[in-house]
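Please open the structure in your viewer and keep the selection tool at hand, since this tour moves from one selection to the next. Each stop says what to pick and what is found there.

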Amino acid sequence: MRRNLVVGNWKMHGSRPANAELLAALAGGRPYGADVAVCVPFVFLNETAATLAGSDIRWGAQDVSAHEQGAYTGEVSAAMLHECGCRYAIVGHSERRAYHAESDALVALKAQAALARGVTPIVCVGETLAEREAGQTEAVVKRQLSVVIHQLAHCAAEMVVAYEPVWAIGTGRTATPEQAQAVHAVLRAQLQAATGRGDQMRIIYGGSVKADNAATLFAQADIDGGLIGGAALKAADFIAICRAAP
């Protein structure tokens, strides 16, 4: 059985007072039936670690450098994240791909760098609206994932995959459970073909997941939780989503 995973992606939001309130509420809402984590801005990692220490809620970063160390101004290495106790690092989010021109190859290198330091990469894949309307969804997500699988080789089974249709991120539009499941099934088959543990790997869904649609999405056979954006900033909503993942 795959244990569901719900990850809050705070993006570029947060302040010390707001974070403390949100994390206290999240910790107070335990126990959850799923694994729960928050991926916070780099500057809040140490405070998040201190607040969540001793709990079963994990924390992570929203990006990681492909480089181990060196003259890379503004970059944060996987070794640094490991020192902060990070369990996860999001790589290849559509906003990074779009705003920072991250290629499939770079995403794969970031995933590799994270795993080398014991940080689990959450590898994001997803199509734009134009690609979906052109019938290219399957080709796009399989291409994005195949580069990572090739780069990670025998370690590929250690990653988490997140399907996030770009057209549903922050737009209020959500893929229907059937649409999401169809893509997750494609990704599952790709993982099964590439590793001996494809059935055990977690594939989570992101894209305007809310308290009122989470349970239906998470009930799908190949959806193993969610990567949550805006709703993760509201304690009551995020707690409800976490509780919707059995």
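With which side chain does the side chain of Lys110 make a polar contact? Select Lys110 together with Asp63, bearing in mind that this is a predicted model: the two side chains make a polar contact at 2.9 Å.

Stay with Lys110 and show its surroundings. Lys110 lies in helix 5, which covers residues 104-116, and because its relative accessibility is 3%, under the 20% cut-off, Lys110 counts as buried. Apart from residues up to four places away in sequence, Lys110 touches Asp63, Val64, Ser65, Ala66, Val91, Arg96 and Glu102.

Next, select helix 5 as a whole and add helix 7, residues 137-152. The axes of these two helices are 8 Å apart and meet at an angle of about 40 degrees, and the two helices are therefore oblique to each other. Helix 5 passes helix 7 in a right-handed crossing. To see the contact itself, display side chains that include Ala108, Ala111 and Leu115 of helix 5, and Val147, Val148 and Leu152 of helix 7.

Now turn to the nonpolar interior. In soluble globular proteins, nonpolar side chains tend to be buried together. Select Met159 and Phe218, which touch the most other members of the largest nonpolar core, a set of 66 residues. Leaving aside neighbours within four places in sequence, Met159 is in contact with residues that include Thr120, Pro121, Leu145, Val148, Leu152 and Met201. For a last selection, pick Val7, Ala37, Cys39 and Ala162, which are among the 12 residues of a second, separate core.

Conventions. Residues are numbered from 1 along each chain as its sequence is written. This is a predicted model: local features need pLDDT of at least 70, side-chain atom pairs count only at pLDDT 80 or more; totals for chains, interfaces and linings use all residues. Side-chain values use heavy atoms; hydrogens and water are left out. Helices (H or I, at least four residues) and strands (E, at least two) are DSSP runs, numbered from the N terminus. Buried means under 20% relative accessible area, exposed over 50%, partly exposed in between (1.4 Å probe, protein chains only). A polar contact is a pair of N or O atoms within 3.5 Å; within protein, one must be able to donate a hydrogen and the other to accept it, and residues adjacent in sequence count only if both atoms are side-chain atoms. Contact means heavy atoms within 4.5 Å. A nonpolar core is a set of buried Ala, Val, Leu, Ile, Met, Phe, Trp, Tyr and Cys residues joined through side-chain atoms within 4.5 Å. Axes are lines fitted to C-alpha atoms, for helices over the stretch in contact, and angles run from 0 to 180 degrees between N-to-C directions. Angles under 35 degrees count as roughly parallel, over 145 as roughly antiparallel, 65 to 115 as roughly perpendicular and the rest as oblique. A crossing is left-handed if the near helix is turned anticlockwise from the far one by less than a right angle, and right-handed if clockwise.
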